[in-house]
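Student: I would like a close look at a single part of this model, the surroundings of the bound ligands. Please take them one after another and tie in the rest of the fold where it helps.

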Amino acid sequence: MKRILGTGLLCFALILLLAVNGYSEGGAKVQPPPKAKTIKELAERYDSSKCMECHEEAHEQWSNSLHARSILGTPRTAPTIITAVDKGLKNFAFSGVKEDKDLKVEHLMLCAKCHLPQLDEATDEVAQEIVATIRAWQKAGKDGDEDKAEKLEETIASLNIGCMVCHNKVALIHKYADGYPQPDTVYGALDGDHDSEEFPKMAVAPAMRESILCGQCHGLGPNLELEHPSQCATLYGSYLFAYVAHGGSETCQECHMVKSGLGHDIQAYKDEAMIAMAVDVKVEGRSLFWRKNKEDGVVPIGVIDVELYNKTGHVIPDG
Ligand code: HEC
Ligand code: HEC
Ligand code: HEC
Ligand code: HEC
Ligand code: HEC
């Protein structure tokens, strides 16, 4: 009897599961949008200011995060992309890159896989324009032309991990089961109509609150699927293999967005709240006299014992 009940419950659970999946959060694979031909076009397609009037708080928080300038960085990322081009790509015998004009989207994907995943929706000319813009920005900085440097910096920062990257492009992970992101839909925790002309629908992204959403860009190790694997962030690997494997149960979102109180201003060591959550420090000190040797005799020494306990969900620092 118990067994029959068990089987019945299992069937019920399966039906529920099917029903939930049956809602079809995503949909069939869609024709990719026409390739953006300029930085401006690509930036407009993913412009987060479209969401600002109704999601003011999320927008304000996000604007302060590094996601809002993910190829400019602190601004250390943009110059490092140039180093990767000049010291890497141009020196590799089989990369096909001798000059900037040889650069293709595929080459910049070494970095853009995580720093700007929507670059796969642009032409090779956009990859070249990005590199030219960073070079011009570096030159304007060196020449002391602050106005020009500032303008170019804005152009570089207009390419970023905006709202529609997380809430559409990378929102659905298991596409065979959950479907492919649809161009008229924002993905989050709700489904139904969405009060926006460009994106009139809302649908559920099952992994939006799971660490794997962030893990897509925060690195497991070398990016082995690329023609020439690169390695930058590896923090998601450390989260899975050191934290979760030892019983850690919090998600990236719980620590970085909820507990921190920072919401979309996803931060790390640059923020006081995160610093306070990072480590427990225990320091014990004592002083004593120590007979060192015959020549020096008895000398005063201090013994300081420092214990650091990492309370985050991964190694620090990363990268
Ligand atoms: C004209 C107003 C308006 C605009 C513009 C708008 N939204 Fe919304 N959005 C809403 C409202 C209102 C809700 C909440 C619906 C509810 O609570 O029933 C919502 C809900 C959402 C949700 C689901 C929230 C959840 O709890 O998971 C997401 C995600 C979202 N919007 C993202 C965006 C993004 C991204 C943009 C820009 C491309 C955008 N919205 C533009 C009004 C808007
Ligand atoms: C697997 C995804 C991934 C790839 C591929 C990747 N990065 Fe990163 N990178 C990140 C993430 C995530 C961070 C920030 C978090 C961290 O440091 O853990 C980061 C941080 C950085 C930083 C420091 C950030 C700052 O603002 O100071 C630099 C510089 C950088 N990346 C450059 C590059 C360059 C150049 C490439 C290509 C050669 C590249 N990355 C490839 C994910 C990646
Ligand atoms: C790095 C990925 C990422 C980016 C970029 C991002 N979001 Fe979110 N967003 C999330 C996640 C994850 C959640 C769920 C948070 C949670 O666990 O409470 C969320 C939740 C939301 C919600 C539901 C209500 C809330 O605030 O929790 C809205 C609305 C929303 N985002 C809008 C936006 C808008 C508008 C932007 C751009 C200004 C944006 N998001 C950028 C990941 C992102
Ligand atoms: C589409 C790729 C992508 C996704 C998805 C993503 N990130 Fe990031 N994140 C990055 C990149 C790239 C950077 C570094 C930008 C830079 O400085 O160059 C970054 C920066 C950060 C930083 C700041 C690190 C520092 O050194 O200050 C934190 C914290 C962070 N991300 C956490 C998260 C969390 C939590 C999520 C999930 C809710 C998430 N990210 C989702 C790509 C991503
Ligand atoms: C238990 C809470 C907790 C969890 C879970 C967690 N983090 Fe963190 N994370 C922190 C704290 C606190 C810091 C700040 C560390 C510091 O001040 O040096 C941090 C720092 C970071 C940094 C900056 C690393 C650096 O270079 O110093 C990144 C990026 C980041 N987290 C991303 C993530 C992502 C992605 C996940 C999920 C895979 C995640 N975190 C899970 C608490 C957490």
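**Sheet, shells and helices**

Tutor: Strand S3 (residues 201–204) and S2 pair in the antiparallel sense, over two bridges. That pairing is a useful way in, since the sheet leads on to one of the ligand shells. The model is a predicted one. Within this pairing, Asp-193 has Lys-201 of S3 as its bridge partner. The sheet itself is open and has three strands in the order S1-S3-S2, with mixed pairing. Its edge strands are S1 (185–188) and S2 (192–193), each of which pairs on one side only. In general, the strands of a sheet are paired through backbone hydrogen bonds, parallel or antiparallel.

Strand S1 brings us to ligand 1. S1 and helix H8 each supply at least two residues of the shell around ligand 1. H8 gives the most, with three residues. In total, 17 residues surround ligand 1, and the closest are Cys-51, Cys-54, Cys-163, Gly-188 and Ala-189. Sorted by class, the shell of ligand 1 holds nine nonpolar, five polar and three charged residues.

Helix H8 (163–169) turns up again at ligand 4, where H5, H8, H10 and helix H12 (252–259) each supply at least two residues of the shell. The largest share there, five residues, comes from H10. Ligand 4 has 25 residues around it, of which Gly-73, Thr-77, Cys-214, Cys-217 and Cys-252 come nearest. By class, the shell around ligand 4 has 13 nonpolar and 11 polar residues, and one charged.

Ligand 2 draws on some of these elements too. Helix H4 (77–89), helix H5 (105–115) and helix H10 (211–218) each supply at least two residues of its shell. Here H5 gives the most, with five residues. The shell around ligand 2 counts 23 residues, and the closest are Gly-73, Cys-111, Cys-114, Cys-232 and Ala-233. Its classes are 10 nonpolar, 10 polar and three charged. Gly-73 is thus listed among the closest residues of ligand 2 and among the nearest of ligand 4.

A little further along the chain from Gly-73, the peptide bond from Thr-74 to Pro-75 is cis, with omega near 15°. Pro-75 lies in the loop between helix H3 (56–63) and H4. Another cis peptide bond joins Ile-316 and Pro-317, with omega about -10°. Pro-317 is in the segment after strand S5 (297–310). As a rule, most peptide bonds are trans.

Helix H10, which serves the shells of ligand 2 and ligand 4, also has a packing role. In helix H11 (residues 235–243), Leu-235, Tyr-236, Ser-238 and Tyr-239 are buried. These residues are on the same side of H11, because they cover an arc of only 160° around the axis. H10 is included in what covers the buried residues of H11.

Finally, a word on confidence. The mean pLDDT of the protein is 92, and 92% of its residues reach 70 or more. Residues 1–24 are another matter: pLDDT stays under 50 there, and the model has three contacts for them beyond four places in sequence. Predicted coordinates should not be read in detail where pLDDT is low.

Definitions and conventions. Residues are numbered from 1 along each chain as its sequence is written. Chains are lettered from A and ligands numbered from 1 in the order in which they are written. This is a predicted model: local features need pLDDT of at least 70, side-chain atom pairs count only at pLDDT 80 or more; totals for chains, interfaces and linings use all residues. A residue is near a molecule or strand if its C-beta atom, placed from the backbone, lies within 6 Å of it. Helices (H or I, at least four residues) and strands (E, at least two) are DSSP runs, numbered from the N terminus. Ala, Val, Leu, Ile, Met, Phe, Trp, Tyr, Cys and Pro count as nonpolar, Asp, Glu, Lys and Arg as charged, and the others, Gly among them, as polar. Two strands pair if DSSP finds at least two bridges between them. pLDDT is the predictor's confidence in each residue, from 0 to 100. Two residues are in contact if their C-beta atoms, placed from the backbone, lie within 7 Å. A residue is buried if 20 or more other C-beta atoms lie within 10 Å of its own, exposed if 12 or fewer, and partly exposed in between; C-beta atoms are placed from the backbone. The arc is that of the directions from the helix axis to the C-beta atoms.
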